[in-house]
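Dear colleague,

Please find below the structure that I am handing over to you. My notes on what was found in it follow directly after.

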Amino acid sequence: MYKKLFTVLLITLLLSPAFLFAGGDKEGGSKEVVIYTALEEDETADYLALAEKELPGLDIKWVRYSTGELAAKLIAEKDNPQADLVWGTAVTVLANMKDLFEPYKAEGWNALPSEFKDPDGYWTAIDMYVAAFCVNTDRLEKKGLPIPRSWEDLTKPEYAGEIIMPNPGSSGTGYLQVSSILLWKGIKDGSEEGWEFLQRLHKNIVEYTNSGSAPAKIASKGEVAIGASFGYRAAKQLDSGYPVEVIFPSEGSGDELEANSLLKGAKNAENAKKFLDWAISKNAMELYSRYKIMVTLPGVESQSSIPLPPASEVKLFDMDFDWTAANKTAVVDKWTTLFQDKTIAK
Amino acid sequence: MSTTSTGSLKDKRTIIEDKYIVYIIGGLIGLFLIIFLALPVLNILRLSLTEYIPEQHQFTGKLSFSNFTGYFQKPAMVQALLNSLWIALWTTLFTTVLAFIFAYGLTRTTIRWKKSLYYLAMIPLIAPSMLQAMALISLFGSNGLITAGLFNTDWNIYGPNGIIIAEVLYSFPHAMVILYTTLSAVDSRMDEAASSLGASGLTSFFKITIPTSRYGIFSAAALVFNLAITDFGNPIIIGRGYRVLSTEIYLQVIGMQRFDLGTTVAVILMVPSVIAFLLNYYFTKKSASLISSLANPEIPPSRKGKKIFFTAYSWTIAFILLSIVGVIIYKSFVKVWMYNWTPTLAHFNFRIPGGMGVLWTSLWISLTVGVFGAIFTMLNGYVIEKKNPFFAQPLYLLSIIPAAIPGLVMGLGYILIYNTRFLNLDDILYGMPLLIIINVIVSNFTLGTLSSITNMKNIDNSMDEAATSLGAGVTKTFLQVIFPLSRVSFMSNLIYYFMRSMVTVSAVLFLISPDVHLAAVSVINLEKDGKDGSSAAMSTLIMLVVVVVLVIFGLFTRKKKDVVVVE
């Protein structure tokens, strides 16, 4: 009867205060380090297994957010940071949030080429990811369409309504695609050709998603034929058994770095530094290389466990990270005015 | 709670003392709502009127209306507002009508299997939000099982129609609960009287049944309107380029890190929501009390045609709701939807922070939410409806506002205020399960309070008066008269809160921390990572946990006939 039920509930309630504050050991966290990451959850699990072995003195706590969520969370918490460090998120985002970070040159920092780190140590990159199309061969076959091989192919009228792309305002991948196209078409020399190309491309786009992995995901499910996404995600979809092909456009692929930063006002700064040291160590890099097209430590080759070629076999656009970071707001603003009507949050 | 040990005061008890007890309880609930509802929301309002420098991620503190003027200068943004209204209005119409007919069948006809139908109608409540859209796409997307698999057609469900269908499926049980309670509480003898005076079935339906239950209809409609206009899970998945305000907030804040525009859109979104509830409030006050303590006599046997119609109708609805969930369960056991139907358990091997432990975390948090949510809303309903102190109206208003606040906004409001040094609350709240518990209780305060008020209306004032005139004080009246009469309502609130807490995503998305990972949030993260199968598998496990807990609750309640939810 009800009495029994209330007894059960009462016991639940008596137990719950123990949980309410469980794990909230904020003060005595001498071993604790809190990490926000945008790396995929399954790879992170592998990396942390190694980290826990090699950093026995640390109690690692982590949350995984998408790049945009992570940035929003950092900004919202900036007066009272909850995390100690950021691990593996897009550099174009980090580079615009330097006021939130404490410069730190981790142990082994000197071994990394200068294009993979901020000169003052605000961010240090661990790997590179590359734009790629995730093409659903099953859907193309049904529609009687050939596999697109280049950016130029994507503007052909027969692909109208079959392409999904990320929004450059919210997605690191989206921004690297748009900025690499603009750079390719010579925007630095004052050419408007890049924008004209994007206009033509726009005619074929079904929607702009909020995240860079969504296009690959949607295309692999067969909801559209082509998702402009990035290599790892497209290869992952192929690996999961979807009828897709990973296409690196023949003109070139844009690329972007994923990097680490130490947060200003980190509560466990010393532990965070230990982790950041580990995060660019050779052992860590070797483990990253099983998931990445390229890692930033020279001498560690990509040995991807998924069907992904090493960066040396992919034609890359000439990126200019100084230009892309400095012009992000202007490019995104212009892009938004031109194309925003097809943007949705995803 | 703090007022339950007043036995020794029996002789000295006066009406004045009772008044203070009511004041203290009502005041504490009010204070709770002010701190955890009004402050975060007002803070959002303040920030929407504050100048923001995007490059520095910094509000300057200067008053500025540029966010709002800027908003109405962008046609795409104005369109999002119109789109939201369009979606919400159609959803309100469809859901209210469909749910009313369903609830009518359960309360006013003698169809069989009522209890099963009632529980089947509740199915969407046990599913993580977004599940409707996920299932609809699996069935009716460009490469859906029915559209591509069965008919090989290019037609698909994306866009506004898809959102409306998903929202109807999502909001159905919410409306059904209110209408069911109303139709159970409204005196059906008036219908009988009308038909014995010669009115036809349809006449008495339109002249008696609908007018007498209009209070519940408006309540349900307002709630559905708000659910539809504030939901963001379904439009995100199925909208495809069709922009609504809730997804716009997400895009601005999460996508672009524009907290100024995000708070602005949040404020604009709150306008229609709050108007809907003010209308509801107005109609409620106008409507006379049509509820009596003797409202539930035996229903006379329904005519055969009526029975056939309501049986067919109810089971069709139940079947649709069941298949939405069924698709997701099925999906969690096949390798690759549409491409490889080999059965597999691989999707249940979760590689996420917290692992399987997220289910346990969700479970105990939700049980705690259930118990405290039910207690708070019941006390609240009692204070507002039965005791009517001078602050009853502001308290009522505070209590119904949560439904007008999108979960995402509430979560955003919480981190914007509880992570600062404000009252030093961050040390005990931020990143803690307690903040999530409070957030879920507050976010769902509306329906809890409304159903509690309806329940209190259902308890004849003569009960209260009789107890008082026999010398019982307010505490004793509550514990020995009101509470026993409200056990059904208490339990259904507890269950409602428990289920909401198990499946809520948007409100707590911002509140998960390295210490607290929740199952429903994992569903979204898995979906975002492209692990559809695992996402479906986690949804399946959440639903399983909810069903198991409900069955346990059911075992306790079944023994006594008068506490069963139906009949």
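Within chain B, confidence peaks in helix α14 (residues 304-331), with a mean pLDDT of 94, and is lowest in helix α18 (residues 426-429), with a mean of 65. The model is a predicted one, and these scores should be kept in mind when reading it. Across chain B the average pLDDT is 83, and 90% of the residues score at least 70. Two stretches of chain B call for caution. Residues 1-11 of chain B have a pLDDT below 50, and this stretch makes 8 contacts beyond near neighbours in sequence. Residues 559-567 of chain B also stay under 50, with 14 contacts beyond four places in sequence. Where pLDDT is low, the predicted coordinates should not be read in detail. For the model as a whole, the scores are ipTM 0.78 and pTM 0.83.

As to overall form, chain B contains 25 helices and 4 strands. Its C-alpha atoms occupy a box of roughly 65 × 60 × 45 Å along the principal axes. The radius of gyration of chain B is 24 Å, which agrees with the value near 24 Å expected of a compact globule because the chain has 567 residues. Of these 567 residues, 56% are buried. Considering contacts in chain B between residues at least 6 apart in sequence, 79% link residues at least 24 apart.

Chain B is divided into two domains: domain 1 covers 1-64 + 341-567, and domain 2 covers 72-289 + 299-331. Their centres, taken over C-alpha atoms, are 22 Å apart. The contact between them involves 40 residues of domain 1 of chain B and 46 residues of domain 2 of chain B. On the domain 1 side, the elements that give two or more residues include α1 (15-48), α17 (407-418) and α25 (532-558) of chain B. The most is given by α25(B), with 9 residues. By type, the residues on this side of domain 1 of chain B are 28 nonpolar, 10 polar and 2 charged.

Chain A is likewise assigned a domain 1 (31-128 + 256-309) and a domain 2 (130-255 + 312-342). The centres of these domains of chain A lie 26 Å apart, taken over C-alpha atoms. Here 18 residues of domain 1 of chain A and 20 residues of domain 2 of chain A take part in the contact. On the domain 1 side, α3 (67-76) and α4 (91-95) of chain A each supply at least two residues. The largest share of that side, 4 residues, comes from α4(A). The residues on that side of domain 1 of chain A comprise 11 nonpolar, 5 polar and 2 charged.

Turning to the interior, the largest nonpolar core has 279 residues, and L85(A) and L179(B) have the most contacts inside it. Helix α7 (residues 160-185) of chain B contributes the largest share of this core, 16 residues. Leaving aside residues up to four places away in sequence, L179(B) touches A99(B), F100(B), A103(B), G216(B), I217(B) and A220(B).

Finally, why is helix α12 of chain B largely enclosed by the rest of the structure? The reason is that 11 of the 11 residues of α12(B), residues 245-255, are buried. Among them are L245(B), E248(B), Y250(B), Q252(B) and G255(B). The helix is followed by Q257(B), which has a positive phi, near 55°.

With kind regards

Methods: Residues numbered from 1 in each chain as written. Chains lettered and ligands numbered in written order. Predicted model: local features only at pLDDT ≥ 70, side-chain atom pairs only at ≥ 80, totals over all residues. Rg over C-alpha atoms; globule rule 2.2 N^0.38 Å. Buried ≥ 20, exposed ≤ 12 C-beta atoms within 10 Å, placed from the backbone. Contact = placed C-beta atoms within 7 Å. Core = buried A, V, L, I, M, F, W, Y, C linked by C-beta atoms within 7 Å. Domains from an automatic or database assignment. Nonpolar A, V, L, I, M, F, W, Y, C, P; charged D, E, K, R; others polar. pLDDT = per-residue confidence, 0-100.
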